[in-house]
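Here are my notes for when you open the model. I've kept to a few side-chain contacts and one helix pairing, so have the viewer handy.

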Amino acid sequence: MTLTVEKIGGTSMSRANELLDTLFIGQRTGADLYNRVFVVSAFGGITNLLLEHKKTGQSGVYALFADADNDSGWMDALNAVASEMIRVHGEILSDGGDRERADAFVRDRVEGARACMIDLQRLCSYGHFRIESQLMTLRELLSGLGEAHSAFVTTLLLNRNGVNARFIDLTGWRDDNQPDLAERLTSAMSDVDVSRDLPIVTGYAQCREGLMSEYDRGYTEVVFAHLAASMQASEAIIHKEFHLSSADPKIVGLENVRQIGKTNYDVADQLSNLGMEAIHPNAAKILRQAHVPLRVMNAFDPGNPGTFIGPDAGVKGRVEMVTGLGVYAFEVFEPDMVGAKGYDAAILEALTRHKVWIVSKTSNANCITHWLNGSLKSIRRVERDVAAKFPNADITTRNLALVSAIGSDMGGLSVMRRALQALEEVKITPIAMQQGARRVDTQIIVEKEHMEATIKALHAALIEGQADPLELADGGTSAAPRAIAAE
């Protein structure tokens, strides 16, 4: 038996009706519909409303509750989540009875969460109880609402279309047990016959370890990886709304991008570092250790094999992707730093305490620069802490962009020289540039307004018109197809 465990992201889940024709059913009939397990994210935007917006930081229910001076803010936000959930599944489900069942499911979960939050507020009004100690548990409870909703609605949709789908709820709703993750997965799947059942599994799993405390919103892919490993899947598949391609088609043009086809986990880790997760690094580690191969596919292009990611799948002698990220350059200059210890550790401790993501770093005798991804508010807090620790230091923060050329093994390609030539032709002067000894990526720092032009210039110089070793290895007969832009 060939068993696949497959994960669907939130943006794709919002197009569930289209997935019927491309992924869930398509041309499949009978037994071909089964021997697959789907782990689903919440519908697009729902988790942002429940927690906080992932990109802008705008407060959702959780953030409003954590900072609440009164009840009205988070309660209104929770009502808005319920309304949005009902609106979303109202567009997906065509049968009136199915919509009523989904409406009732939302009311039960949302009102249950509301009751918990009111009780928590009341309990913590007494001096013996501190609400801070319960916030992570609340964050997990709220997050699970989104995945439970999408899994339940998808199950209804598939059942209505003749598929024997089963709703597998890992969220621990009204469950007084406290299993670890392995126990949660084993118990949930114990009576599932994948040869005749199509499990639709929540991407959040309540467990003793507390997934959000370690992975925050990367928990879905970690659950997916653990499930694939525990079931000894023949392949783990991540479905996105686009192909893993050499650049953003909106920047360099759809006609110029190239589907990557094959790559290794090193490249996947670099993409994750730049906020373009092919897979969460911890999830990749789980799959590697379990010897489960990984594939990233476009959920709306079913005939395309996607991109295979494996330990030995990297292709030497090519730049695979050019991408960019807005960063803050956090620079600490101190003449007395030469030969002294403690500066680096103190800066790192402040960045960790304020939960600022370090994308990259450079240093010399008296200056340490971190290229950061985070809110300016958090970085200003870091700045104050470091200034208090080192009052004689000159600390500056600049809003810039980091553009990276990435490949499994770019040795011998003279990427830095060719990149500088390409930027000189378009009259862009880099602020900084670096390349590690492993030749996996070359990073170029430019002014923020030059990011897209830099990506376009480097993609043209390093990828467009260059022979692809993957195609040459196949004798030109199975060239990686061009990427399809997300709609």
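1. Let's start with F167. This is a predicted model, and in it F167 comes out as partly exposed, at 25% relative accessibility. The cut-off for buried is under 20%, so F167 doesn't make it into that class.

2. What does F167 pair with? Seven aromatic pairs turn up in the count, and in one of them F167 meets F105 edge-to-face, with 5.9 Å centre to centre and 80° between the planes. F105 belongs to helix α6 and F167 to strand β3 (residues 165-168), so this pair ties together parts that are 62 residues apart in sequence. Unlike its partly exposed partner, F105 is buried, at a relative accessible area of 12%. Have a look at F152 while you're there: ring pairs join F105, F152 and F167 into a cluster.

3. Now the helices. How do α6 and α7 pack? Helix α6 covers residues 96-123 and helix α7 residues 135-160; their axes are 10 Å apart and make an angle of about 170°. Angles over 145 degrees count as roughly antiparallel, and α6 and α7 therefore fall in that class. On the α6 side the contact includes D98, R101, F105 and R109; on the α7 side, H149, F152 and R160 are among the residues taking part. So F105 and F152 do double duty, as members of the ring cluster and of this helix contact. By class, 14 residues of the contact are nonpolar, one is polar and four are charged.

4. Another aromatic pair worth a click is Y204 with Y219. The two rings sit edge-to-face, 5.6 Å centre to centre, with 85° between the planes. Y204 is in the loop between β4 (198-202) and α9 (211-215), while Y219 is in helix α10 (residues 219-230), and the pair links these distant parts of the chain, 15 residues apart. Are these tyrosines buried or exposed? Y204 counts as buried at 2% relative accessibility, and Y219 is buried too, with a relative accessible area of 1%.

5. Last, two arginines over rings. The charged end of R15 sits over the ring of F300, 3.6 Å from the ring centre. R288 has its charged end over the ring of Y265, and here the distance to the centre is 4.9 Å.

Note on methods:
Residues numbered from 1 in each chain as written. Predicted model: local features only at pLDDT ≥ 70, side-chain atom pairs only at ≥ 80, totals over all residues. Heavy atoms only, no water. Axes fitted to C-alpha atoms, helices over the stretch in contact; angles between N-to-C directions. Helix = DSSP H or I, 4+ residues; strand = E, 2+ residues; numbered from the N terminus. Parallel < 35°, antiparallel > 145°, perpendicular 65-115°, else oblique. Contact = heavy atoms within 4.5 Å. Nonpolar A, V, L, I, M, F, W, Y, C, P; charged D, E, K, R; others polar. Phe/Tyr/Trp six-rings, centres within 6.5 Å; stacked < 30°, edge-to-face > 60°. Buried < 20%, exposed > 50% of the residue type's maximum accessible area, 1.4 Å probe, protein only. Lys NZ or Arg CZ within 6 Å of the ring centre and 35° of its normal.
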